[in-house]
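Here's a quick briefing to read alongside the model. Have the sequence and the 3D view open, and click through the residues as they come up.

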Amino acid sequence: EKRMMPRHNFIRSAFAWLISNKLTEFVQYNKDVTYIRQRYEDFTKDPLNTISHIASTSSGKKTKLNNDIFQVSRSRYHTIAGNPLESVKDSEIIVKNDGKWKRKMNRGKQIIVWLICFFQLKKYGYRE
């Protein structure tokens, strides 16, 4: 069965972001778990080193990865809660910051999202 991910309105998305981040923060209080906060924008600036850092931190030993991790073979891909990858053949995953959603959102909606998420945005280093 092929289905696209559902799209939600901006208020639901803002609350989902807020709640999922707040719940995730509880992990950092478990002394047996390593917690790394990773912002999307920082990941898209340097995906290879970000993934290497996460792998090193989680394994407890230096992990050096190379660009091969971005090579996709149609025979070995899958998605989790993602859209079907019908167009993927053998190719390279390109990681880039896609701010299209933000550019397309009108100013009124941006202000509402900002009001809903203000304290978390500030805590995570977003200054807008």
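Phenylalanine 119 is out in the open: this predicted model gives it a relative accessible area of 68%, so it counts as exposed. Its ring still has company, since phenylalanine 119 pairs edge-to-face with phenylalanine 118. From there we'll work through the other rings, the pocket, the fold and a handful of serines and lysines.

**Aromatic rings**

- The 118/119 pair has its ring centres 5.0 Å apart, with 75° between the planes.
- Phenylalanine 118 is partly exposed, because its relative accessibility of 27% falls between the 20% and 50% cut-offs.
- Searching the whole structure turns up 4 aromatic pairs.
- One of those is tryptophan 114 with phenylalanine 118, also listed as edge-to-face, at 4.8 Å centre to centre and 65° between the planes.
- That angle is over 60 degrees, which is why the pair gets the edge-to-face label.
- Why do tryptophan 114 and phenylalanine 118 sit about one helical turn apart? Because they are 4 residues apart in helix α5.
- Tryptophan 114 comes out as partly exposed, with 33% relative accessible area.
- Put the ring pairs together and you get a cluster of Trp114, Phe118 and Phe119.
- Elsewhere, arginine 39 lies over the face of tyrosine 126, 4.5 Å from the ring centre.

**The largest pocket**

- The largest pocket holds about 2300 Å³ of space.
- Its lining is made up of 50 residues, and the closest to the pocket centre are Trp17, Tyr40, Asp98, Trp101 and Lys102.
- Which helices each supply at least two residues of that lining? They are α1 (10–25), α2 (40–45), α4 (100–104) and α5 (107–123).
- Sorted by class, the lining comes to 24 nonpolar, 15 charged and 11 polar residues.

**Overall fold**

- The protein chain has 5 helices and 2 strands.
- Going along the sequence, these run α-α-α-β-β-α-α.
- Of the chain's 128 residues, 16% are buried.
- Take the contacts with a separation of 6 or more: 47% of them join residues 24 or more positions apart.
- For an example of residues far apart in sequence, look at serine 13 and valine 113, which are 100 residues apart along the chain and 8.8 Å apart in space, C-alpha to C-alpha.
- Serine 13 belongs to helix α1, and with a relative accessible area of 33% it is partly exposed.

**Helix α3 and the loop after it**

- Serine 52 is in helix α3, and so is serine 56, with the helix covering residues 47–59.
- Is serine 52 buried or exposed? At 7% relative accessibility, serine 52 is buried, because the cut-off for that class is under 20%.
- Serine 56 is buried as well, at 15%.
- Setting aside neighbours within four places in sequence, serine 52 touches Thr63, Lys64 and Leu65.
- On the same basis, serine 56 touches Lys61, Lys62 and Thr63.
- Thr63 therefore turns up in both contact lists, with heavy atoms within 4.5 Å of each serine.
- Lysine 62 is in the loop between α3 and β1 (71–72).
- Unlike the buried serine 56, lysine 62 is exposed, with a relative accessible area of 75%.
- Lysine 62 and serine 52 are 10 residues apart in sequence, and their C-alpha atoms are 8.2 Å apart.

**Lysine 96**

- Where is lysine 96? It is in the loop between β2 (91–92) and α4.
- Lysine 96 is exposed, with 61% relative accessibility.
- Leaving out neighbours within four places in sequence, lysine 96 is in contact with Tyr40 and Thr44.
- Tyr40 also appeared above, among the residues closest to the centre of the largest pocket.
- Lysine 96 and glutamate 41 are 55 residues apart along the chain, with 8.8 Å between their C-alpha atoms.

Conventions
Residues numbered from 1 in each chain as written. Predicted model: local features only at pLDDT ≥ 70, side-chain atom pairs only at ≥ 80, totals over all residues. Heavy atoms only, no water. 1 Å grid on protein atoms, 1.4 Å probe; cavity = no way out; pocket = protein on both sides within 12 Å on 5 of 7 lines; lining within 4 Å. Points joined across faces, edges and corners; volume = space filled by probe spheres on them. Nonpolar A, V, L, I, M, F, W, Y, C, P; charged D, E, K, R; others polar. Phe/Tyr/Trp six-rings, centres within 6.5 Å; stacked < 30°, edge-to-face > 60°. Buried < 20%, exposed > 50% of the residue type's maximum accessible area, 1.4 Å probe, protein only. Lys NZ or Arg CZ within 6 Å of the ring centre and 35° of its normal.
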